[in-house]
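Here is a short set of questions and answers to go through with the model open beside you. Shall we take a look together?

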Amino acid sequence: MLEIFLLNYGIKPNFYESEYNKFYEDAVFGNDELNNFNPDIIYIHTTNRNILDYPTMYDDEKTINDILDSQYNRFKKVWDQLFLKFNATIIQNNFEYPFYRLLGNKDASDIHGKTNFITRLNQKFYEYANNIKNFYINDINYISSCYGLDKWANQFYWHMYKYAMEVPAIPYLSFNLANIIKSIYGKNKKAFVLDLDNTLWGGIVGDDGVENLAIGPEVPSGQVYSEFQNYLKEHKSLGIILNVNSKNEYENAIAGLNHPAGTLKADDFIIIKANWNPKNLNIKDISEELNLGADSFVFVDDNPAERKIVQNYVEGIATPEIDIPENYIKIIDRNGYFEVTNFSAEDLKKSELYKDNAKRSQMMATFDNYEDYLLSLKMKAEISSFKPIYLERISQLSNKSNQFNLTTKRYSLADIENVNNDDNYIKLYGKLEDIFGDNGVITVVIGNIKNIDELHIDLWIMSCRVLKRNMEFAMMDTLVKKAKEKNIKTIYGYYYPTLKNKMVCNFYDMQGFEEMSCDELGNKIYKLDISKEYLNKNNVIEVNE
Amino acid sequence: MNKEEIYERLNNVFRDVFDDESIVVTEATNSSDIEDWDSLEHINLIVAVEQEFGMKFNMNEVTTMKNVGDMVNIIISRINN
């Protein structure tokens, strides 16, 4: 079941499954088969049946605390040992509530209650998750409550088959888990593309007029749309960007968005397409203007016909089947489009970054000569070896970049930490700021030193929001300098084509490399001799190393 | 629903679960007659039968049924109530 959901996200898994209830033994004492398998992700599927000791009414507070610690430490030992053995990410279930309450309602508040005990144990799991990277909680406590605990905990399945939940609940568990995994691999959605009439407000602004739209606290239907607007706006803090795609006169759309009771304002959107074009064409334009693949969009429209067209014409886009306004939030939320695993400070500013880019395009229009335009941006870059504070962002970038990505090699946070600690790598990140704002860390190059004087470039990525700013030349200059310091004579570059990285297919030609080979799939190998003189290519960015 | 119809629908469920179009179940069919019918497939079979007939077996029924005939008797008693 998990495999189906993962395949749907474009992830092809290989599984190793522990023997039944042997997670503790495998983790703590080791297991050759597991060692050979060397997992990237370890999922520990436990339930409250795996809690071996609960408080009883005879226990005093100290005894109960001891029981809590010993149950927690048993799990902690599993995680610590697994992290020692494997360079892997761990996903751990929290605990669902017990299926009966010995103390009735007091089971929740009294330290003798199982409900209370499970809540405290979960809390300790969360503290571990907050302190340890590469460790995530699969929140079965929440999904079992959504599903209905009585059904979830159908004891028939436990006693008959030792299943932790009833069989029909397994898809919900698997989907929830697959969402965490796809997020770790950078396959979250990145943007909303929103219809207006009867999606963001009740009514049709062109027909009914702004004053008659349902939005705001006065009537129930207005409240529903207000809450939905708030829900969408909250996504901005996760770095999700908002766009409009509506069949409307532009003036009417803006008038609707300026409704005094609306929480979303025209300013909250990066791109507003309000016209009478087919919506799939608008989406194509939005995708190009944002430099984001349309498969990272969530298209929200109350009209099933529009959803159908978009679904048919735009590959990979999500079109949640929203039905009635009071269900909009629930339906979108349960799809797990924006599952948060690694959250970086960059995400908070994402909308601003896209806005700044819009301003840059306006300014570009005032220059005849592109180099003059670049100089006018007064760009400053920081290019240097990896630093601990950026590792999370670097890993995130390696998982998110699809277009400007020569090898499309993905690095988990653990992988990046390994590269950082290994002297056989030259690893550079680049930050870029200009008069309009700071773009943060936007490019990464990882080169592997082999045979003493060869540098093989494993990864070269750049965020598309700094395309055509000559940042790739500034990176090249620094890379060559660092390589020379390490007595490298030849740099090897690799290009592996994917559906999305065509824009860099001649990247190494442009950097002055010589093409050595190209196979029938278009995989290319390049080399550059740096033992002779190298002329710096960048003259528009001031670089601090 | 008569017995014949139940057998026909049940046959389809079996073919689906064990992915074998040659299966023909009779009253006497049991787990030794179908090669893939192990404990794990048994769970899938029970869930699939429950879905097909919109009913649930209880634990006692699942643990005591010996062959398809027993299963059909339980289904008949359940859908007639």
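Q: Where in chain A is A:Asn470 found?
A: This is a predicted model, and in it A:Asn470 has a positive phi of about 70 degrees although it is not a glycine. Most residues other than glycine have a negative phi. As for its place, A:Asn470 is found in the loop between β11 (454-462) and α21 (471-485) of chain A.

Q: Is A:Asn470 buried or exposed?
A: The cut-off for a buried residue is 20 or more other C-beta atoms within 10 Å. A:Asn470 has 20 such atoms within 10 Å, so A:Asn470 is buried.

Q: Does A:Asn21 count as buried or exposed?
A: A:Asn21 is in the loop between α1 (2-8) and α2 (23-29) of chain A, and its phi is near 55 degrees, a positive value in a residue other than glycine. A residue is exposed if 12 or fewer other C-beta atoms lie within 10 Å. With 11 C-beta neighbours inside 10 Å, A:Asn21 therefore counts as exposed.

Q: At what angle do helix α7 and helix α10 of chain A pack?
A: Let's start with the spacing: the axes of α7 (residues 140-147) and α10 (residues 170-184) of chain A are 11 Å apart. The angle at which the two helices pack is about 140 degrees.

Q: Which residues of α7(A) and α10(A) make the contact?
A: The crossing of these two helices is right-handed. From α10(A) come A:Tyr172, A:Leu173 and A:Asn176. From α7(A) come A:Ile140, A:Ile143 and A:Tyr147.

Notes
Residues are numbered from 1 along each chain as its sequence is written. Chains are lettered from A and ligands numbered from 1 in the order in which they are written. This is a predicted model: local features need pLDDT of at least 70, side-chain atom pairs count only at pLDDT 80 or more; totals for chains, interfaces and linings use all residues. Axes are lines fitted to C-alpha atoms, for helices over the stretch in contact, and angles run from 0 to 180 degrees between N-to-C directions. Helices (H or I, at least four residues) and strands (E, at least two) are DSSP runs, numbered from the N terminus. A crossing is left-handed if the near helix is turned anticlockwise from the far one by less than a right angle, and right-handed if clockwise. Two residues are in contact if their C-beta atoms, placed from the backbone, lie within 7 Å.
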